[in-house]
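Visitor: I would like to learn how to read a structure like this one. Could you walk me through it, feature by feature?

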Amino acid sequence: MADEDLTLKGIGHLLYTDLLPLNRDGTDISMKFLEAVVKKTCLPFVASDFDRTQKVVDFHQPDEMLNLVDMHIPDDPRDLDSLLYDCHQALHYQVKTGHPHYLNQLSCGLDLVSLAGEWVTASANTNMFTYEIAPVFILLENVVLRKMREVIGYKGGDSILCPGGTVSNINAVLCARYKHFPECKTKGVHGLPCQPVLFTSEHSHYSIKTAASAAGLGTDNVVEVKTDAKGKMIPEELEKQIVACLNYEGPVKKKPFFVNCTCGTTVLGAFDPVEPIANICAKYGLWLHIDAAWGGGLLLSEKYRAERFLGVERADSVTWNPHKLMGCLLQCSTVHLKEDGILMNCNQMNAEYLFQDDKQYYDCRFDTGDKVIQCGRHNDIFKLWLMWRAKGMSGFRRHIDGLMATAEYMTEQLKADTSGRFVLLWPEPECVNICFWSVLFCFGVLFVSLYFLF
Ligand SMILES: *Cc1c(COP(=O)(O)O)cnc(C)c1O
């Protein structure tokens, strides 16, 4: 079954019972096993990830794949050789998302320092709810998130790492709901005398609707505001919609409370104008959230921060995914709140078995578990911190400016193309999304396909 070079010389026939901790003398065997998994499967995969002569994917339909890879759960233990082969098979059919020819949604490339961080994280295998069990990692969260808030322009505030931008946006909506309708936490939305309404552009990410649904507010109460030709929210349209809501005459009054401003829309990469939207939010007393899951990386470049994010520090909350433009390994998403304490007040349940604030021997302020709608949290910080250490602020600025320069080059190439095969959707992309039509004439039939390039 296993290839010759995919065997563990001398120990391949052994079982999990021969490894630590079941075999107390199993250190040597255990290390050999792990070393083989890394050397024979992970490292060759990583190397091939960057190899332009290799295919991006060895694609098979699901029914074929079920035959190609032995996936069944066996009745009896399998030996170490067979586990090594399982690892090899999994990576063999995996899409090479770090490959230069891999062009897919919103995350690509493989940052090697971040990968090293992920390996370290996996070895530590710790939960992130208390300082007690993850002292260094918890403090790293503190340091990195504070730095990110500084970049946003917040003084103080609070942040949390979430399993993806969608959950970050859900957290923002929950905090806004808590701020405007605190009784919701205990009474639920049925206790409200009015219907809370959210506003977001028609080009925004669908997770705003997810958040409205998850928060019990309902997707029907998300108003989609019109965008201009570039895909940016039209502030006048936003105000019109808010006023229409306020004037609504029905059995249950509508109460606008939340505006989502997208900085870097998922498809066109458009930036909603922050300042005019912030002015409207201030005028009507609404929570301003900035969904910069995609575009947030541009905050690291002074040039693009000034051009795209003017007024960002006025927002009540900001979602920013380091696993997108910054190239951090999946998953790594952050949400930042301007008001310190709101995350905790919104989500705290005081589970006594976990969060005993009478622990005498350390400062419980660093415990994060009760701030979130999760209980346990994965360690998503170390890989981000490590790559930030490697690059420094200047390295990240170069990284971001480099991405934008590549996008500009691509745009110029498309503009310079005289074959008529490519039609740019928008000549001045604001992010690294370059949308163009590829027009193919073939047997008199016109095929048009839309490409998104990141
Ligand atoms: C990708 C994206 C999200 C969702 O982030 P996930 O990490 O995929 O959950 C939200 N908003 C915008 C604008 C995005 O581009």
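Visitor: How many residues of domain 2 are in contact with domain 3, and how many of domain 3 with domain 2?

Guide: Gladly, and please keep in mind that this is a predicted model. The chain is divided into domain 1 (3-104), domain 2 (120-387) and domain 3 (391-453). On the domain 2 side, 23 residues are in contact with 19 residues of domain 3. The centres of these two domains, taken over C-alpha atoms, are separated by 30 Å.

Visitor: Next, the nonpolar core. Which residues have the most contacts inside the largest one?

Guide: The general idea is that nonpolar side chains in soluble globular proteins tend to be buried together. Here the largest nonpolar core has 61 residues, and F199, L238, I290 and L384 have the most contacts inside it. Helix α13 (residues 382-416) gives the most to this core, nine residues in total. At least three residues come from each of domain 2 and domain 3.

Visitor: What is L238 in contact with, leaving aside its neighbours within four places in sequence?

Guide: You will find F199, V225, M233, V259, I277 and I280 in contact with L238. There is also a second, separate core of 29 residues, with C184, I208, V222 and W287 among its members.

Visitor: Now the sheet. In what order do the strands come?

Guide: To read a sheet, follow the partners from one strand to the next. This open sheet has seven strands, ordered β1-β7-β6-β5-β4-β2-β3, with mixed pairing. Each of β1 (158-162) and β3 (222-225) has a single partner strand, so these two stand at the edges with one side lacking a neighbour in the sheet. From one strand to the next, the twist averages 20°.

Visitor: How many bridges join β6 to β7?

Guide: Four bridges do so, between residues 317-320 of β6 and 333-337 of β7, and the two strands run antiparallel. Within that pair, V318 stands opposite H336. Helix α5 (residues 135-152) packs on the sheet, where it touches β1, β6 and β7, and its direction makes about 65° with that of β7.

Visitor: And helix α6: is it mostly covered or mostly uncovered?

Guide: For a helix, look at its span and then at its burial. Helix α6 (residues 165-180) reaches 22 Å from its first C-alpha to its last, close to the 22 Å expected. Twelve of its 16 residues are buried, so by the under 20% relative accessible area cut-off the helix is mostly covered. The buried residues include G165, N169, L174 and R177.

Definitions and conventions. Residues are numbered from 1 along each chain as its sequence is written. This is a predicted model: local features need pLDDT of at least 70, side-chain atom pairs count only at pLDDT 80 or more; totals for chains, interfaces and linings use all residues. Side-chain values use heavy atoms; hydrogens and water are left out. A nonpolar core is a set of buried Ala, Val, Leu, Ile, Met, Phe, Trp, Tyr and Cys residues joined through side-chain atoms within 4.5 Å. Buried means under 20% relative accessible area, exposed over 50%, partly exposed in between (1.4 Å probe, protein chains only). Domain bounds come from an automatic or database domain assignment. Contact means heavy atoms within 4.5 Å. Two strands pair if DSSP finds at least two bridges between them. Axes are lines fitted to C-alpha atoms, for helices over the stretch in contact, and angles run from 0 to 180 degrees between N-to-C directions. The expected span of a helix is 1.5 Å times one less than its number of residues.
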